[in-house]
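Trainee: I would like to learn how to read a structure feature by feature, going from a single residue outwards. Could we work through one together?

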Amino acid sequence: MGLVRRDQQPAEVSETPAVETLLRQLGDPDPDRRREAALGLDGVAEAVPDLLARVGPETASTVRDALLTTLAAHDTDEVAEALAVHLASDEADLRTLVAEALATMPGSVPAIVPRLLQDPDHDVRVMTAMVLADLPHPGALTWLADMIREDPHPNVVTAAIDALLPSLGPEHTELLRDAVGRFPDDPFLRFTVEAAVG
């Protein structure tokens with residue numbers, strides 16, 4: 001048993017800011033303080049609406065990343081639906097960060113995938129392929145194959161092929177060659193398939 005000196009002072013314990021303090025801090029002019037608040041609200045369900053409201057207006061990539069990390073950990077239908085809206089954003093950085101966050105939400109994202117696959121904006125469907133590329137769900141490969149087989153836009157089909165590449169097997173060869181047949185005038189899609197299957 002070790003000895004403790006009688007004059008030893010107890011270690012200083014840093015206090016965690018109150019939730020109300022962190023919520024106010026989300027609007028701080030200093031991005032470091034906003035990022036600190038976003039991470040500090042991890043696991044606080046009552047903060048979800050405020051965190052979701054900050055994703056669009058936030059301009060600092062590091063703060064957005066922190067917001068999305070905290071939100072993705074909730075993995076709820078509310079969060080998935082609200083984040084998916086940003087897949088149609090004009091900001092490439094925001095679209096990409098949101099796609100990466102959604103890909104870490106296997107509990108809630110599968111419910112919105114069928115709707116995303118039917119979105120009239122083909123750029124949203126391209127981003128959906130990015131989500132499916134990393135989504136740990138048994139249906140992800142089937143959805144990607146469906147996109148390759150059925151989507152009417154060559155950019156979406158190419159994105160789905162790219163997403164499928166790490167899991168590509170001999171059983172996909174006909175699927176990919178059929179995709180080239182559907183878009184014979186698209187050289188990039190043809191190149192992607194030829195590079196994949198030879």
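Mentor: Let us take Leu-176, which is placed in helix 11, and keep in mind that this is a predicted model.

Trainee: Is Leu-176 buried or exposed, and which residues is Leu-176 in contact with once its neighbours within four places in sequence are left aside?

Mentor: The general idea is that in soluble globular proteins nonpolar side chains tend to be buried together. Here Leu-176 has a relative accessible area of 0% and is therefore buried, the cut-off being under 20%. Beyond its neighbours in sequence, Leu-176 is in contact with Ile-148, Ile-161, Leu-168, Val-193, Ala-196 and Val-197. As for distance, the C-alpha atoms of Leu-176 and Thr-158 are 9.7 Å apart in space, with their positions 18 residues apart in sequence.

Trainee: Which helix does the largest share of the largest nonpolar core come from, and which residues have the most contacts inside this core?

Mentor: The largest nonpolar core has 63 residues, and Leu-83, Leu-102, Val-109, Leu-132 and Ile-148 are those with the most contacts inside it. Helix 10, residues 154–164, supplies the largest share of this core, with 7 residues.

Trainee: How many residues of helix 10 are buried, and what covers them?

Mentor: Of the 11 residues in helix 10, 9 are buried, so the helix is mostly covered. The buried residues include Pro-154, Val-156, Val-157, Ile-161 and Leu-164, and Thr-158 is also one of them. Their cover includes helix 8 (122–134), helix 9, helix 11 (173–182) and helix 12 (187–197).

Trainee: If I go back to the core residue Val-109, what is Val-109 in contact with, leaving aside its neighbours within four places in sequence?

Mentor: Val-109 is in contact with Asp-75, Ala-80, Leu-102, Val-131 and Leu-135. Among these contacts, Asp-75 deserves a look at its backbone, for its phi is near 50°, a positive value in a residue other than glycine. Asp-75 lies in the loop between helix 4 and helix 5, and with a relative accessible area of 22% Asp-75 is partly exposed.

Trainee: Where does Val-48 lie, and which residues does Val-48 touch, not counting those up to four places away in sequence?

Mentor: Val-48 lies in helix 3, residues 48–55, and is buried, with a relative accessible area of 4%. Val-48 touches Leu-71, His-74, Glu-78 and Val-79. For a sense of separation, Val-48 and Ala-195 are 147 residues apart in sequence and 43 Å apart in space, C-alpha to C-alpha.

Trainee: How should I read the charged side chains, and how many salt bridges does the count come to?

Mentor: Side chains of opposite charge can pair when their charged atoms come close. In this model the count comes to 8 salt bridges. One of them joins Asp-93 and Arg-64, at 3.5 Å from N to O. Because Asp-93 lies in helix 6 (residues 92–102) and Arg-64 in helix 4 (residues 61–72), the pair ties together parts that are 29 residues apart in sequence. The partners can also be read for accessibility: Asp-93 is partly exposed at 35%, whereas Arg-64 is buried at 3%.

Trainee: Which parts does the salt bridge between Arg-115 and Glu-81 tie together?

Mentor: The side chains of Arg-115 and Glu-81 meet at 2.8 Å, N to O. Arg-115 is in helix 7 (residues 113–117) and Glu-81 in helix 5 (residues 77–84), so this pair links parts that are 34 residues apart in sequence. Arg-115 counts as partly exposed, at 41% relative accessibility, and Glu-81 likewise counts as partly exposed, at 37%. There is also a network, in which salt bridges that share partners join Arg-34, Arg-54 and Glu-58.

Trainee: Finally, which residues line the largest pocket, and which helix gives the most to its lining?

Mentor: The largest pocket has a volume of about 160 Å³. Its lining consists of Leu-117, Gln-118, Arg-125, Trp-143, Asp-146, Met-147, Glu-150, Asp-151 and Pro-152. Helix 9, residues 140–150, gives the most to this lining, with 4 residues. By character, the lining residues divide into 4 nonpolar, 1 polar and 4 charged.

Terms used:
Residues numbered from 1 in each chain as written. Predicted model: local features only at pLDDT ≥ 70, side-chain atom pairs only at ≥ 80, totals over all residues. Heavy atoms only, no water. Core = buried A, V, L, I, M, F, W, Y, C linked by side-chain atoms within 4.5 Å. Buried < 20%, exposed > 50% of the residue type's maximum accessible area, 1.4 Å probe, protein only. Helix = DSSP H or I, 4+ residues; strand = E, 2+ residues; numbered from the N terminus. Contact = heavy atoms within 4.5 Å. 1 Å grid on protein atoms, 1.4 Å probe; cavity = no way out; pocket = protein on both sides within 12 Å on 5 of 7 lines; lining within 4 Å. Points joined across faces, edges and corners; volume = space filled by probe spheres on them. Nonpolar A, V, L, I, M, F, W, Y, C, P; charged D, E, K, R; others polar. Salt bridge = Lys/Arg side-chain N within 4 Å of Asp/Glu carboxyl O.
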